[in-house]
Amino acid sequence: MSGRSGRSSTLVRRPGGQRPWTHDALVSLPARTTSPLVELARRGALALLLVAFIVLLVYVDRNAYTDNHDGEVSFVDAIYYATVTITTTGYGDITPITPHARILNAILVTPLRIMFLVLLVGTTLQVLANEGRRIFLDSRWRKHMRNHVVVVGYGTKGRSAVDTLEANGCNPAQIVIIDGRGNAVADANIRGYAAIEGDATRREVLRRAEIIKAREVIITLDRDDSAILVTLTVRQLNPSAHVVVAVREEDNASLLRQSGANAVITSSEAVGRLLGLSATSPNLGTVIEDLLSSREGLEVGERQVTREEVGLNPGQVEGERVIAVVRNRTLRRFYDPTVAKLETGDQVVVVRHAADQP
């Protein structure tokens with residue numbers, strides 16, 4: 001389920017990252033969305049307008065009609081005739097008797113009767129079809145959603161995190177956004193991601209995102225207290241997920257780790273360090289900024305050691321610069337003597353050219 005009204009968006013890609021031809025051939029127009037109450041009120045007003053038009057038509061030409069009860073057609077009789085006629089009930093107690101009145105009924109009242117039925121049935125069918133489609137899509141989405149990534153907060157940090165995930169091969173269909181702002185949820189839908197509007201500190205919102213079956217959880221909220229509460233709730237619902245949290249103040253980092261976060265990134269301190277390095281050593285700041293960017297220049301990546309690299313020293317790996325080795329889930333620097341030779345099952349953290357990414 002996604003979008004402000006539960007809408008979902010599917011991102012279809014061709015092999016090699018090419019876009020389908022329909023994306024280039026068709027114009028994508030902005031969606032016009034209204035609340036169900038507003039839409040119902042609009043259609044109700046249109047139905048009343050059709051009834052009022054028939055009432056006016058019959059009452060103005062009331063001498064061309066006869067009432068089997070007293071022979072005269074009053075304003076109340078005109079209202080009665082309009083309602084029973086437009087709903088196709090037609091008791092026959094009030095009838096047109098002149099040729100022109102019958103012609104007007106044939107060329108005006110009958111089309112208005114059809115319009116009223118279409119309006120009434122169309123509203124019912126639209127509600128049933130939309131709700132049924134939403135329920136079906138939501139059920140199918142939940143059935144297939146597992147080992148996915150949940151991103152809490154779709155601001156500047158959240159968008160950058162999602163872009164980096166997709167740049168590193170994460171399937172967009174396996175990314176779920178949670179944000180309390182409707183415009184952020186709509187933006188996520190436009191970009192092809194499932195999104196849920198709500199407060200992530202509430203358990204029911206996290207459950208709607210299938211947090212219990214998530215593999216990764218990224219929390220990028222503007223307030224540290226909210227991030228701590230979300231982390232605690234996520235950890236209670238999913239003890240095995242890998243949780244990464246962005247925190248504004250370094251003093252709150254330890255609280256987040258105690259709350260269950262696997263990794264804590266101090267955003268304000270990281271930005272401050274990059275600003276300081278760029279001021280004192282512009283070249284160093286440029287290199288670090290290059291490493292943080294993706295799809296161009298240098299990038300940092302993690303991969304499995306290949307069969308040909310087993311037994312080599314980290315410095316002997318060609319085409320990339322190994323800066324760390326992950327062995328038995330423990331990160332070791334490249335200069336650690338315990339990883340002087342690479343072994344089967346090791347993961348290596350490398351600096352490489354962005355074009356070389358798989």
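**View 1. A membrane-annotated stretch, all helix.** Over residues 40–60 of this predicted model, the chain is 100% helix and 0% strand, and the C-alpha atoms at the two ends sit 30 Å apart. An unreviewed UniProt entry puts the feature "transmembrane region" here, at residues 40–60, and also at residues 103–129.

**View 2. The open sheet, strand by strand.** Here are 6 strands in the order E5-E4-E3-E6-E7-E8, paired in parallel. The edges belong to strand E5 (194–197) and strand E8 (263–266), each of which pairs on one side only. Going from one strand to the next, the twist averages 15°.

**View 3. Zooming in on E7 and E8.** Strand E7 (residues 242–247) runs parallel to E8, and 4 bridges join the two. Look for valine 245, which stands opposite valine 264 in E8. Helix H10 (residues 267–280) packs on the sheet here, touching both E7 and E8. The direction of H10 makes about 50° with that of E8.

**View 4. A helix laid over the strands.** Helix H5 (residues 156–167) lies across four strands: E3 (149–152), E4 (175–179), E6 (216–219) and E7. Against E3, helix H5 runs at about 160°.

**View 5. Inside the largest nonpolar core.** This core has 30 residues, and the ones touching the most other members are Val152, Ile178, Ile211, Val217, Ile219 and Leu256. Strands E3, E4, E5, E6 and E7 each give two or more residues to it, as do helix H7 (203–208), helix H8 (224–237) and helix H9 (253–259). H8 gives the most, with 5 residues. For a closer look, pick valine 152: leaving aside residues up to four places away in sequence, its contacts are Ile178, Ala200, Ile218, Ile219, Thr220, Leu221 and Val230. Another core lies apart from this one; its 20 residues include Ala47, Ala64, Ala82 and Phe116.

**View 6. Where H10 meets H11.** The axes of H10 and helix H11 (residues 282–292) come within 5 Å and cross at roughly 140°. Because of that crossing angle, H10 counts as oblique to H11. On the H10 side, the residues in contact are Leu274, Leu277, Ser278, Ala279 and Thr280. They meet Pro282, Leu284, Gly285, Ile288 and Glu289 in H11.

Key: Residues numbered from 1 in each chain as written. Predicted model: local features only at pLDDT ≥ 70, side-chain atom pairs only at ≥ 80, totals over all residues. Heavy atoms only, no water. Pairing = 2+ DSSP bridges. Axes fitted to C-alpha atoms, helices over the stretch in contact; angles between N-to-C directions. Contact = heavy atoms within 4.5 Å. Core = buried A, V, L, I, M, F, W, Y, C linked by side-chain atoms within 4.5 Å. Buried < 20%, exposed > 50% of the residue type's maximum accessible area, 1.4 Å probe, protein only. UniProt positions renumbered as here; feature names shortened; annotations may be inferred. Parallel < 35°, antiparallel > 145°, perpendicular 65-115°, else oblique.
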